Amino acid sequence: MAEAAPLWWALALPPVLAVAAAATALAAAPAGHGVAPLRELARRRRRTVAADAPLATLGAVLLPLAAVSGAVVLPLGFRSVSDLAVGVVWFNAMAALAWPAVWLAGWGPNSALSLIGGYRFLAQGLAYEVPHMLALTTAALGAGSLRVGAVVEAQRGLWFVTWMPVAFAVHLLSAAAMAFWGPFDRPVGRDVAGGAAGELGGADRLSFLGGRWLLLVVAAGMAVPLFLGGGHGPLLPAWCWTLVKTAAVLAALLWLRRRLPAVRMDRFAAVAWTVVTPLAVAQALVVAVVVLGR
Amino acid sequence: MGVRAALRRRAVARPAVLLAAVPGGTPSRLAVERAVRAAGWPLVEGPAAADLLVVAGRPAPGAAGWWDELYDRLPGPRARVSVAEPEHAARALSAGRDLLRAAGGAAARPARPSGRHGGPGPGGPVVAGPVVAGPVSDHLPLAERGDDRDGLRLDVLRLPLGPVLLDWPAGLVLRLALQGDVVVSATMDPPSPAPAAGGPPFWDEPWLRAARGEPVARAAAARRLCAAHLDSVGRLLGVAGWAALAGSAHRLRDGLLTGADPAAVRRGARSLVRRGERSLTARWMLRGLGRLPTALARRAGVTGPALAAGGDAYDRFRCWLAEIERSAGLLTAPGLLGAGERVGPRGRLGGGRPPSAALLDVLPRLVEGSEFGAARLVVASLDPDLDELSRAAAHG
Amino acid sequence: MLGDLLFWVLAAVAVGAGGLVFGCASMARATYALLAALSAVGGEVVLLGLDYLGVVIVLMMTLEMALMAVFMIMFMMSPSGLSPMSMRHNTRGAAAICAGVFGLLAAGALLAPWPERAGRAPADPTRALGLSLMGPQMLTMTVLGMVLFATIVAVVVLATRHGRYDRPPAGAREAARRGGEVG
């Protein structure tokens, strides 16, 4: 069912994602704070003493690049820019580029608080990555394919969220964690004066924080083809269903953010390894048994 | 250049504010926070994100040096204003915006490389120091090493925290020795004396005035008490990363200080307290941080909520919430405050030492051994008020 | 044609970034130069038609290098590379070994009698490769992987009982006890 998309989709992808990320950021910001990107464009870059400026800039640029590359396999309706045969792993690999990106942005400026932010993200990565990989594996297992198009196709009747709820929840949790956003925002937290983003100014800052919103939108959007049936749905056209479902996932994340204080990794990592990971393994096991029995 | 200038004009319509409060500047800080919120401007956590530096309060003479240094770390276009009197907050902010508009031209000089190296001077350090690095030039010392708690020898990073951090007690400078992200030791700079012209510490004012024999309405004292605890809770929640609830606490506090209707305050306080009490995540994140058992607290001379809570940061958080609800119920209480009633928001007043002095005494012990973020939560859960000390230093 | 071009570009990146690892004075730069080299290798593997392996190499190397940077910095003096330091030790011996190994590998690649392709390439080369490598031991290896993973989790669980943060330092405990006796 997944048809090849025309080439111009590849060109349209970054601006479309940027618009979606900006809309999400606006919806999340308190009234009047939406002009932040304008402000960054007007600002100068900052320099700190003995900084490794190329590395900091690399980190800042890598984050939006990672998000957009990951979005290549994200289908709108039933079409994506490129429906790679290993699309699920591709998404995972591109999202993993956030690890070096945040750490480099924290390391580069040679400032203690921003470095703490960078290291916090690595700790966070260790906590969320294994359960997240298991959640992605579970969805791929249910479809018997790593191709995102095939995963969507396998949900023609029954959405995966109905029989893999744990994997879906883990994916949502990981989406917030990999975008270091909401309850997982400690790598750029206020308690470390902005953390990894704390010393970035001007274009670097815009690229880094914008990349963060892109990553959140892409990771939340990935929940739609993996667990929420992609473009499947009654009445509306497929692309419309994708948009509606993505917006719903993002709205749920925004709602959750208002309800929760931030989660610190010195507490959360233990739970991630002792509770979330075994749960995700158990979910994968259940799905494997069901698939074998079919 | 035309596009850039247009962008700049749009952006500075709502400048991002870095608020630096000095000891004794609490009323000015509150006024600035209120005005910033009313104008819908963002209050940011560090110089990189700021357009406008607002100094709240009257800096002590001689401390001006590090304001310059902090200002140098704003990327620009930038401006700074100072708010010495709370009444001038709104006017100073709009003056700041005008300055920013004017600074938008090419005349603004670029930001100087920032950061301070080696031992900070007497002016005190600003937001954060650099990572200690090799001897590339005269002022970058090589990291020293020290014994780690796990029996290793690890690099020690000496990092001064404060006095300008968001949700941080104004004027507090905590010098941390970090191994990794663990605080291995902490010392405090002596509080700087406040300018002699100031009045009594803002949060303790009703009780101190009553002690001097002035008539102070019980309702007014309850209002101040409730606002003080809302301020503390809002700061703790800010550090804990719960921006939504911190915003509610601060809005409620501003309402109280500007004479909001007691019934509305009571409703708001109840909803806030319920949300705080019900949060399992807050409990999970604050439990076990900065344990201060009753016996230890009493021995250190701690009074007030920190003693009553007799436990960890979560107990203190719950104690504040309970006090908020209780004092919100007293907003219409009749009568005057007796001269003997001397328990302010942070403890017993009128003894030899202000209550915050005892809090500061126990503070280093409580942050040692905790992770960096946890240490910040411990400081916020004690929330010492350095106004009390700097008055004592100025008068004594 | 495009494949050839990509091959040579990726090869140049891999070798160039690999050389850069030894040219950087900063541990952070060295580590991420290594990541660039390994990612280029992952790209080469994708060009071979082993999509899954190639992408997994990029994924795993990204995570590993991000963590390795931490260890590199932890164990090296002058982590940020602000003072000149060299990644090269025993330059002459190392150069001889490298040249020898390179010559051996290149000779092997050029001189080995590569078999002609018989039949068509399988639809999924990764699957075919996995089957020919693991064969009947696939189940064993999978179970082994899970056991290893469970062991790691169990070890972490045992270690977190006395985590790094929540344990008061011995000195403070001592001081608290002494304080208790005095006070």
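This is a tour of a predicted model, with stops at two chain contacts, the annotated spans of chain A and three single residues.

**Stop 1: chain B against chain A**

Select chains A and B and display the residues where they meet. Chain B contributes 64 residues to this contact and chain A contributes 43 residues. Together the two chains bury about 4,600 Å², and 55% of that area is on carbon and sulfur atoms. Three salt bridges link chain B and chain A. To see one of them, select Glu199(A) and Arg73(B), whose closest N and O atoms are 2.9 Å apart. Between the two chains there are also 12 residue pairs in polar contact, counting pairs with both residues at pLDDT 80 or more.

Now colour the side of chain B that touches chain A by element. The elements giving two or more residues to this side are α1 (2-11), β5 (153-161), α6 (218-239), α9 (280-286) and α14 (372-382) of chain B. By class, the residues on this side of chain B are 39 nonpolar, 12 polar and 13 charged.

**Stop 2: Glu371(B)**

Stay in chain B and select Glu371(B), in the loop between α13 (355-367) and α14. Is Glu371(B) buried or exposed? Its relative accessible area is 5%, so Glu371(B) counts as buried, the cut-off being under 20%. Add Gly373(B) to the selection: the side chain of Glu371(B) reaches the backbone nitrogen of Gly373(B) at 2.9 Å.

**Stop 3: Asp167(B)**

Next, select Asp167(B), in the loop between β5 and β6 (174-179) of chain B. Check the backbone here. Most residues other than glycine have a negative phi. Asp167(B) is not a glycine, yet has a positive phi of about 55 degrees. With a relative accessible area of 18%, Asp167(B) is buried.

**Stop 4: the annotated spans of chain A**

Hide chain B and show chain A alone. An unreviewed UniProt entry lists "transmembrane region" for several spans of chain A, among them residues 53-78 and 158-181. Select residues 53-78 of chain A: this span is 69% helix and 0% strand, and its end C-alpha atoms are 42 Å apart. Then select residues 158-181 of chain A, which are 75% helix and 0% strand, with end C-alpha atoms 31 Å apart.

**Stop 5: Asn110(A)**

Still in chain A, go to Asn110(A) in the loop between α5 and α6. Which sign does the phi of Asn110(A) have, positive or negative? It is positive, about 60 degrees, although Asn110(A) is not a glycine. The relative accessibility of Asn110(A) is 7%, so this residue counts as buried.

**Stop 6: chain A against chain C**

Finally, bring in chain C and select the residues where chain A meets it. The contact takes 31 residues from chain A and 30 residues from chain C. The buried area is about 2,500 Å², and carbon and sulfur atoms give 86% of it. How many salt bridges are there between chain A and chain C? The count is zero, and the count of residue pairs in polar contact (both at pLDDT 80 or more) is also zero.

On the side of chain A that touches chain C, at least two residues come from each of α3 (53-70), α4 (87-96), α5 (98-107), α6 (112-143) and α12 (265-293) of chain A. Select α12(A) to see the element that gives the most to this side, with seven residues. The classes on this side of chain A are 24 nonpolar, three polar and four charged residues.

Technical notes:
Residues are numbered from 1 along each chain as its sequence is written. Chains are lettered from A and ligands numbered from 1 in the order in which they are written. This is a predicted model: local features need pLDDT of at least 70, side-chain atom pairs count only at pLDDT 80 or more; totals for chains, interfaces and linings use all residues. Side-chain values use heavy atoms; hydrogens and water are left out. Contact means heavy atoms within 4.5 Å. Buried area is the accessible area (1.4 Å probe) that two parts lose on being put together, summed over both. A salt bridge is a side-chain nitrogen of Lys or Arg within 4 Å of a carboxyl oxygen of Asp or Glu. A polar contact is a pair of N or O atoms within 3.5 Å; within protein, one must be able to donate a hydrogen and the other to accept it, and residues adjacent in sequence count only if both atoms are side-chain atoms. Helices (H or I, at least four residues) and strands (E, at least two) are DSSP runs, numbered from the N terminus. Ala, Val, Leu, Ile, Met, Phe, Trp, Tyr, Cys and Pro count as nonpolar, Asp, Glu, Lys and Arg as charged, and the others, Gly among them, as polar. Buried means under 20% relative accessible area, exposed over 50%, partly exposed in between (1.4 Å probe, protein chains only). UniProt positions are given in the numbering used here, feature names are shortened, and annotations may be inferred rather than shown by experiment.
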